[in-house]
Amino acid sequence: AFLEIVNSLLSSGEVPGMFTPQERDALLQQGSLKEEFSSLGFKYRDLYAFFVSRVQKNLHVILSLDPTHPDFALRCESNPALYSRCTILWLEAWSKVGMMEVPKMKLQETLKSVPNPEIMVQNMYMLHDSMVQHNVAPRQYCTLLDTIGAMYQDKKTELDKQRNFLRGGLTKLDETWATVETLSREAMDQEKVLQDKQHQAKEKMGEITIQVEDAGRKKNEAEELSKKLKIDEGQMQERKQVVDAQLSECVPVLESAKKAVAGIKKDNLNEIRSLKLPPEPIRDVLEGVLRLMGNQDTSWISMKRFLSQPSVITEIMDFDAKSITPDIMEGVKNLIRSKKTSFEDATIARVSQAAAPMASWVKAQIQYSLVLQQIRPLTNELDKLTKNLEVGTKRKDQCLIDIRESDETVDRLKSEHQNLTDEAADLRSQLKKTKDTLTSAESLLGKLKDEKERWGYQMKDLDSQMDRLPMTLLMASSFITYLGIMPEDTRLKMTN
């Protein structure tokens with residue numbers, strides 16, 4: 001029926017009865033078919049005839065027929081369009097190269113598990129080539145490959161199952177032998193460990209005695225340090241009260257000046273920077289600021305560069321008066337003395353809103369630095385007392401830590417001593433069980449020795465079958481494919 005439909009399409013371009021009238025009309029209305037028909041005038045009888053001509057023009061059919069099939073001639077005679085409308089390509093046999101490549105494509109997975117895939121492919125070709133005299137076709141060669149693929153996987157799975165079963169048994173026996181050897185070694189090791197545990201327990205008791213004595217010495221040292229620290233702390237508080245009293249007058253002034261500096265607006269700084277020749281008071285105040293901060297370049301360019309920094313206010317606020325050296329302090333004092341008018345509040349406030357807080361800040365820093373210089377012996381003594389107090393406190397804390405650690409160590413050593421004693425008792429019990437198990441296992445393995453040898457011979461036989469499997473299945477598949485339909489005498493002849 002299929003060839004008849006193809007014959008009808010090739011000869012007339014249609015298959016009678018394929019479409020109902022309604023389906024045909026709907027099909028003809030689709031796409032641009034109607035417009036193309038109208039553009040050709042009256043060349044075709046109607047739109048359907050134009051559609052059929054398009055089918056004949058554009059439809060291409062490829063048919064592959066086996067000339068060895070018994071119905072080949074009858075099918076060709078019944079469908080003449082196969083001759084009149086087709087180009088015939090007669091292929092009697094595949095080339096050797098093609099025959100060698102087909103197995104590589106169809107039997108990829110099978111060939112991967114074959115020891116010598118190239119030899120296997122050559123044997124397939126040789127067997128098929130030996131049957132050419134009996135009019136075998138490439139189709140039967142493909143059947144041979146399919147049969148090999150199916151049978152190989154089934155037989156290999158069966159052999160693998162048997163081998164895995166025996167291998168599992170042999171593996172278990174080997175594991176049992178290994179377990180026996182392991183148990184023997186474990187028994188020897190446990191005896192050594194038992195002796196070590198007993199020796200360690202004795203050493204732990206000695207360590208406990210040493211730790212208790214060390215903790216006693218640390219407690220005595222901590223008590224002495226506590227007494228000394230109490231005296232040093234009283235002396236430090238006395239010195240600190242004197243220092244705070246000396247600084248009590250100038251610190252509020254300095255903090256007030258810093259607060260005023262923090263309130264300087266950026267626009268006021270930009271106003272100063274825009275001046276080509278600043279008034280003398282502004283220049284004197286900025287010179288004092290720069291010199292206090294260690295900048296000896298007091299040119300107007302240097303001053304403008306200083307004011308242009310984004311963090312200029314922060315740098316002034318964070319300035320530490322302790323960094324003022326005697327030379328810097330003396331130089332700025334002379335500047336304030338010689339330019340006294342420039343640093344007066346009334347004068348500088350009239351000239352610049354930004355420079356006035358800076359002038360107060362310069363004077364406050366000098367005042368604070370003078371006080372620091374006067375009380376330097378006291379501050380040095382206070383620093384020394386503070387340092388000694390810190391050192392003593394750290395030593396005391398360390399002694400307390402050492403004491404706590406010693407107590408923890410003693411508790412840990414006691415626990416370890418008890419654990420070692422318990423472990424030694426457990427080891428004696430385990431050693432007895434191990435020796436009992438070892439005796440039973442050795443007795444069982446002696447009885448299974450003959451069984452292991454028998455399984456080993458069976459395993460070798462299965463391995464031999466697996467090695468011969470590719471060639472065995474090739475011969476069996478060839479017999480099924482080529483000789484199954486042949487007479488008995490032909491089969492006997494080919495087999496011999």
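Helices here are DSSP runs of H or I with at least four residues, numbered from the N terminus. Keep that in mind as you click along, and remember that this is a predicted model.

**Stop 1: a short helix with a salt bridge**

Select residues 108–112, which form helix H8. Show the side chains of Glu109 and Lys112: they form a salt bridge, with the closest N and O atoms 3.5 Å apart. Because Glu109 and Lys112 are three residues apart in H8, about one helical turn separates them. In an α-helix there are 3.6 residues a turn, so residues three or four places apart point the same way. Turn on the surface, too: Glu109 is exposed, and Lys112 is exposed as well.

**Stop 2: helix H7 and its partners**

Now step back to helix H7, residues 96–106. Pick Lys104 and Glu101, whose side chains meet in a salt bridge at 3.7 Å, N to O. Both residues lie in H7, three residues apart, about one turn of the helix. How exposed is Lys104? Its relative accessible area is 30%, so Lys104 is partly exposed. Glu101 has a relative accessible area of 37% and is partly exposed.

Next, select Lys106 and Asp146, where the side chains meet in another salt bridge, 3.3 Å from N to O. Lys106 belongs to H7, while Asp146 belongs to helix H10 (residues 138–247), so this pair ties together parts that are 40 residues apart in sequence. Lys106 counts as partly exposed at 40% relative accessibility, and Asp146 is partly exposed with a relative accessible area of 44%.

While the charged side chains are showing, add Lys156, Asp160, Arg163 and Asp463, which are linked in a network of salt bridges. The structure holds 15 salt bridges.

**Stop 3: the aromatic rings**

Hide the charges and display the aromatic side chains. How many aromatic pairs are there? The count comes to three aromatic pairs. Zoom in on Phe37 and Phe50: the ring centres are 6.0 Å apart and the planes stand at 45°, so the pair is tilted. Phe37 sits in helix H3 (residues 33–39) and Phe50 in helix H4 (residues 47–58), so you are looking at a link between distant parts of the chain, 13 residues apart.

Are these two rings' residues buried or exposed? Phe37 counts as buried at 17% relative accessibility, because the cut-off for buried is under 20%. Phe50 is buried too, with a relative accessible area of 4%. Add Tyr44 to the selection, and you have a cluster in which ring pairs link Phe37, Tyr44 and Phe50.

Another ring to visit is that of Tyr48: the charged end of Arg24 sits over this ring, 4.7 Å from its centre.

**Stop 4: the first helix**

Select residues 2–12, helix H1. Which residues of H1 are buried? They are Leu3, Val6, Asn7, Ser8 and Leu10. Show helices H5 (72–78) and H6 (81–84) beside them, since the buried residues of H1 pack against both of these helices. Then move just past the end of H1 to Gly13, which takes a positive phi of about 85°.

**Stop 5: a nonpolar patch**

Finish on the surface. Colour Phe2, Leu59, Val61, Leu63 and Leu65, which make a nonpolar surface patch of about 410 Å². Leu59 is found in the loop between H4 and H5. With a relative accessible area of 38%, Leu59 is partly exposed.

How values were computed. Residues numbered from 1 in each chain as written. Predicted model: local features only at pLDDT ≥ 70, side-chain atom pairs only at ≥ 80, totals over all residues. Heavy atoms only, no water. Buried < 20%, exposed > 50% of the residue type's maximum accessible area, 1.4 Å probe, protein only. Helix = DSSP H or I, 4+ residues; strand = E, 2+ residues; numbered from the N terminus. Contact = heavy atoms within 4.5 Å. Phe/Tyr/Trp six-rings, centres within 6.5 Å; stacked < 30°, edge-to-face > 60°. Lys NZ or Arg CZ within 6 Å of the ring centre and 35° of its normal. Salt bridge = Lys/Arg side-chain N within 4 Å of Asp/Glu carboxyl O. Patch = residues over 30% accessible without salt bridge, like charges linked within 9 Å, V, L, I, M, F, W, Y side chains within 5 Å. Areas by Shrake-Rupley, 256 points an atom, 1.4 Å probe, with all protein chains shown as cover.
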